[in-house]
Structure formats: C-alpha cells, structure tokens
Amino acid sequence: MDLSPADRRAIRQTVERQLQALQDNDAETAFSFASPDIQNQFGTPENFMQMVVTAYEPVYRPRSVLFEEPTILRSVPAQPVFLLSRDGTPVTALYLMERQVNGSWRINGCFLIPVNSQTS
C-alpha cells in the first residue's frame, strides 16, 4: 500500500482537526474523527473525551506538536506525531488510520510511545 499526496494531506488534516477539537474541549467534533469501531467502543462523545483526558494527557493538552511523515505499519496507514506533554515529556503519538467507504480518513487508534531522551 502506498499513500498518495492527497491521502497524506487528508490523514494529517484529520489528526490536526481532532487535536484542535480536543484543545477546544469539543467532545462531539473530536469523536467525529474516530473510526466507527472506536465510536462503537466508547458509545458517546463524552465517554471518548473522558478516556482521552485520563489516558492520553499529552494528546489532550500538548505543549508542542510536530507532525512527521505518514507511514505504513503492517499495511495500516499511520500518522506519527511528536508531542511534548505539559510537563515537557516527549512522546510520539502514533495514529492508526482507516479509510472509510466514502474515501475519508478516520482515526482507528492511537498509541503513545515514549521518546528516549538520553543521548550516548
């Protein structure tokens, strides 16, 4: 699988728009960027927002955001985003993406990967 330039832009915009909705405390909009499976898992925008607030603090309130190039991991499109949490801890949020029947992209999961800040 290869991502076209249009897919890359659309994937980034999807993640950017969800991050902005989280910054705005707009649970409904943030939830709208989640895949149908994620929406079914959490049921309501409020449940989704509560999960983000408690388990994904760097995503909910990043101090800094840097988008990396989208990639393919085990045939799943993914958008890595380098974040600094409020306390300055670096983390990479790896967004797994899913193309919908209508061609749009939705977020189908997010993994927080600690960034090793030690240098040799």
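**Exercise 1.** Is Arg 86 buried or exposed?

*Solution.* Start with the ground rules: this is a predicted model, where local features need pLDDT of at least 70, side-chain atom pairs count only at pLDDT 80 or more, and totals for chains, interfaces and linings use all residues. Numbering runs from 1 along each chain as its sequence is written, and side-chain values use heavy atoms, with hydrogens and water left out.

Now check the accessibility: Arg 86 has a relative accessible area of 54%. The cut-offs are under 20% for buried, over 50% for exposed and partly exposed in between (1.4 Å probe, protein chains only). So Arg 86 is exposed.

**Exercise 2.** Find the salt-bridge partner of Arg 86.

*Solution.* Look for a side-chain nitrogen of Lys or Arg within 4 Å of a carboxyl oxygen of Asp or Glu. Glu 57 fits, with its closest N and O atoms to Arg 86 being 2.8 Å apart. Next, place the pair: Glu 57 sits in helix H5 and Arg 86 in the loop between strands S3 and S4, 29 residues apart. Helices (H or I, at least four residues) and strands (E, at least two) are DSSP runs, numbered from the N terminus.

**Exercise 3.** Work out what the Arg 8 salt bridge ties together.

*Solution.* First, the partner: Arg 8 meets Glu 69 at 3.3 Å, N to O. Then the places: Arg 8 lies in helix H1 and Glu 69 in the loop between S1 and S2, so the bridge joins parts 61 residues apart in sequence. Finally, exposure: Arg 8 is partly exposed at 27%, while Glu 69 is exposed at 59%.
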